[in-house]
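Student: Hey, got a minute? I'd like to go through a structure with you and I don't really know where to start.
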Amino acid sequence: MTTGKNDQGGSEAPHKHRSAWGHIIRGLWRTPLGIMSVALTTISATLMVLGIIADLLGLFHNPYVGVWIYMVLPICMVTGLILIPITAYLRRRQWHKSGIEKRPLQLNLSNPKHRLFLVGFIALTVVNVAIFGFVGYEGYHFTDSPYFCGMVCHQVMAPEYTAYQRSPHSRVPCVECHIGPGAEWFVKAKISGLRQVYAVITDDYDRPIPTPVEALRPARDTCEQCHWPEKFYGKKVKEFYRFSNDDQTEPEKTDIALHIGGRNPVTGEFEGIHWHVSKDVQVKYLAVDEKRTKIAKIKIKRADGSTDEFVDEDIKPEDGYTPKWRVMDCIDCHNRPTHIYSMPEDVVDFGLLSKKINPEIPGIREDSLNVITKMYKSRQQARDQMVSDLMALQRKRNPKIAEAHAADIERAGQYLLKGYLANVWPANKVFWGTYKGHLGHQWADEGYGCWRCHDEEHVDSKGNTISQDCGLCHDEPE
Ligand code: HEC
Ligand code: HEC
Ligand code: HEC
Ligand code: HEC
Ligand code: HEC
């Protein structure tokens with residue numbers, strides 16, 4: 001065995017008959033950097049292989065494990081692999097200090113040692129490439145999984161991920177809508193992903209995450225992979241139940257039959273609400289604000305080839321915003337296809353309808369709305385206080401009734417808390433109504449929904465307007 005002293009000494013015999021390669025390979029073990037790089041490579045490769053096996057066997061259910069197996073450990077291993085030749089190079093540069101003669105590195109295939117070395121090297125390289133190929137493939141799937149998108153950045157994406165999990169698309173991976181097929185958007189997404197990771201690390205991102213998402217891929221490449229506008233849907237009947245503080249027991253019921261349309265299989269005409277996205281039709285609009293809530297002009301091309309332009313002279317660009325024309329697609333109506341948030345009234349009224357909130361308790365609707373919309377500082381504070389806040393309001397109303405209904409009030413409080421936690425994230429500045437939907441005219445006065453255009457205020461050269469006739473979009477079902 002040679003010692004460190006020997007190595008420094010320089011002129012001792014053992015060096016003389018060692019080849020240049022031998023010096024390098026043995027020398028690796030003698031420098032801290034060398035030991036570290038070899039250890040780093042070996043340990044991370046071992047952990048990675050074990051991790052992959054365990055992951056394939058389904059032993060892990062925690063997404064952070066994936067971050068280690070498919071991201072951290074491979075980076076460690078590559079770092080180790082890069083450091084090894086660097087260490088060797090540094091050592092070689094120092095040879096003259098140890099008095100070793102610098103000989104050119106030679107690979108001599110007739111030398112059995114060299115052959116063995118070469119075979120070993122090739123074998124290791126093949127193994128490494130195989131490991132990396134596998135890790136790259138699995139890692140690619142991992143970074144594309146809803147798990148990764150929603151959980152790894154859990155603090156940032158908590159609202160979107162929660163809303164997504166209870167949506168009709170909870171089995172559709174995030175990337176189907178946010179990236180879609182093809183290499184171009186894949187690369188764009190990974191680059192913007194890196195930027196986002198950086199923004200999260202440096203805590204430099206907007207809260208709430210602003211909408212509309214400017215860089216969202218056009219819907220024809222995403223939504224239309226699964227839903228195609230040519231499909232005919234006919235009418236869709238919806239029931240709406242509304243209670244009021246004066247009447248908590250008998251809801252006002254509204255039925256509407258929406259003219260969803262599509263291409264009518266009988267007439268071949270494209271009709272109804274999905275007319276806007278028929279492939280023979282183009283609707284373009286010029287919004288004068290980033291939120292796309294104020295629309296100044298609309299240009300259309302109809303199936304018969306005729307064109308038209310509707311203008312509302314009163315809508316002027318916001319200061320500093322340069323309006324851009326946008327071709328209308330699914331997102332202009334379905335801006336909340338999966339990150340669907342409720343409003344406090346929806347939660348409370350559903351509670352009354354389903355009797356999760358006992359409608360017999362006087363004033364319970366008003367009190368429920370009060371606690372569920374209260375500005376708690378954090379979700380934890382809501383967890384700690386909401387139920388007792390509801391109880392306190394009820395006691396103030398009538399201590400005796402509150403006592404008699406204590407169990408129901410507790411149950412109502414728990415239900416409201418659940419509704420709150422599904423919709424409000426104070427740390428992300430996401431509150432009730434932060435993300436509004438365009439589907440309908442619930443928020444028409446804030447510039448959301450169909451009435452942005454269907455308001456009888458946008459006029460074409462012949463004086464026609466875009467209709468707000470109730471019967472255009474829905475009627476009362478028979
Ligand atoms: C069915 C399609 C679809 C799926 C699946 C989907 N999203 Fe979205 N997402 C959208 C659309 C459309 C918008 C754009 C909303 C807008 O521009 O107003 C959006 C917006 C967002 C936003 C911006 C903030 C907001 O609420 O508008 C974030 C963040 C986001 N999505 C994250 C995710 C994550 C994380 C997943 C998976 C867990 C996911 N999305 C799955 C369609 C989808
Ligand atoms: C990977 C396939 C896929 C993609 C991509 C997709 N969807 Fe869907 N979507 C579905 C499925 C499946 C359902 C039916 C879910 C159900 O019935 O429970 C659905 C349901 C819907 C519904 C009906 C929801 C309801 O309340 O019943 C709407 C609206 C919708 N999608 C719009 C969109 C929009 C807009 C996009 C693009 C942003 C989109 N989808 C992208 C698969 C997809
Ligand atoms: C002009 C607005 C508008 C546009 C543009 C639009 N939709 Fe819709 N869509 C609606 C409305 C309104 C409904 C009924 C909503 C409801 O259930 O409350 C609907 C319903 C749907 C449904 C559910 C049908 C059912 O039977 O439940 C699907 C799926 C859908 N749209 C997909 C799309 C896709 C995909 C696109 C883009 C190609 C698109 N929509 C473009 C307004 C629009
Ligand atoms: C960007 C502007 C814009 C928005 C937003 C918009 N529409 Fe329209 N819509 C139009 C225009 C323009 C026409 C065609 C008017 C004409 O032909 O004179 C139209 C026509 C229609 C028609 C008649 C289609 C036919 O059969 O000929 C229906 C139904 C309709 N819209 C429903 C809706 C619904 C529902 C929404 C909201 C979910 C909505 N629109 C949102 C611009 C818009
Ligand atoms: C441009 C299309 C359009 C026009 C015009 C229109 N609506 Fe609607 N309306 C919708 C859509 C889309 C929905 C479905 C919203 C949803 O699914 O939540 C809706 C929903 C409703 C609802 C039930 C929603 C609720 O929250 O109770 C009522 C009530 C209603 N409309 C009344 C009217 C009346 C009254 C008129 C005429 C002044 C009218 N609408 C004109 C598109 C339209």
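Tutor: Sure. One term before we start: a residue counts as near a molecule if one of its heavy atoms lies within 4 Å of it. And keep in mind that this is a predicted model.

Student: Okay, so which residues are the closest to ligand 5 then?
Tutor: The closest are Lys 238, His 441, Cys 470, Cys 473 and His 474, out of 17 residues that surround ligand 5.

Student: What does the side chain of His 474 have close to a nitrogen atom of ligand 5?
Tutor: An N or O atom of that His 474 side chain sits 2.8 Å from the ligand's nitrogen. Oxygen atoms of ligand 5 have partners as well: a polar side-chain atom of Lys 238 is 3.0 Å from one oxygen atom, and for Arg 242 the distance from a side-chain N or O atom to an oxygen atom is 3.1 Å.

Student: And which elements give two or more residues to that shell?
Tutor: Those are β1 (235-242), β2 (252-259) and α18. By class, the shell around ligand 5 has eight nonpolar, six polar and three charged residues.

Student: Let's switch to ligand 4. How many residues surround it?
Tutor: Ligand 4 has 20 residues around it, and the closest are Gly 272, His 276, Cys 450, Cys 453 and His 454.

Student: How far are the polar side-chain atoms of His 276 and His 454 from a nitrogen atom of ligand 4?
Tutor: For His 276 the distance is 2.7 Å, and for His 454 it's 2.7 Å. Arg 302 has a polar side-chain atom 3.3 Å from an oxygen atom of ligand 4.

Student: Which elements each supply at least two residues there?
Tutor: β6 (295-301) and α18 (470-473) do that for the shell around ligand 4. That shell divides into 13 nonpolar, four polar and three charged residues.

Student: Now ligand 2, please. What's around that one?
Tutor: You'll find 13 residues surrounding ligand 2, with His 169, Cys 223, Cys 226, His 227 and His 334 the closest. His 169 places a polar side-chain atom 2.7 Å from a nitrogen atom of the ligand. His 227 has a side-chain N or O atom 2.8 Å from a nitrogen atom of ligand 2.

Student: Which domains does the shell around ligand 2 draw at least three residues from?
Tutor: Domain 2 (146-205) and domain 3 (235-338 + 447-475) each give at least three. As for helices, α10 (174-178) and α12 (223-226) each supply at least two residues.

Student: Wait, how is the chain divided into domains?
Tutor: There's domain 1 (4-143), domain 2 (146-205), domain 3 (235-338 + 447-475) and domain 4 (344-422).

Student: How many residues are in contact between domain 3 and domain 4?
Tutor: Eight residues of domain 3 touch 13 residues of domain 4. Together the two domains bury about 830 Å², with 52% of that on carbon and sulfur atoms. On the domain 3 side, Phe 243, Asn 245 and Gln 248 lose the most area to domain 4, together 69% of what that side buries.

Student: What's the count of salt bridges between those two?
Tutor: One salt bridge. Asp 346 pairs with Arg 242 in a salt bridge whose closest N and O atoms are 3.8 Å apart. And remember, Arg 242 also has that side-chain N or O atom 3.1 Å from an oxygen atom of ligand 5.

Note on methods:
Residues are numbered from 1 along each chain as its sequence is written. Chains are lettered from A and ligands numbered from 1 in the order in which they are written. This is a predicted model: local features need pLDDT of at least 70, side-chain atom pairs count only at pLDDT 80 or more; totals for chains, interfaces and linings use all residues. Side-chain values use heavy atoms; hydrogens and water are left out. Domain bounds come from an automatic or database domain assignment. Contact means heavy atoms within 4.5 Å. Buried area is the accessible area (1.4 Å probe) that two parts lose on being put together, summed over both. A salt bridge is a side-chain nitrogen of Lys or Arg within 4 Å of a carboxyl oxygen of Asp or Glu. A polar contact is a pair of N or O atoms within 3.5 Å; within protein, one must be able to donate a hydrogen and the other to accept it, and residues adjacent in sequence count only if both atoms are side-chain atoms. Helices (H or I, at least four residues) and strands (E, at least two) are DSSP runs, numbered from the N terminus. Ala, Val, Leu, Ile, Met, Phe, Trp, Tyr, Cys and Pro count as nonpolar, Asp, Glu, Lys and Arg as charged, and the others, Gly among them, as polar.
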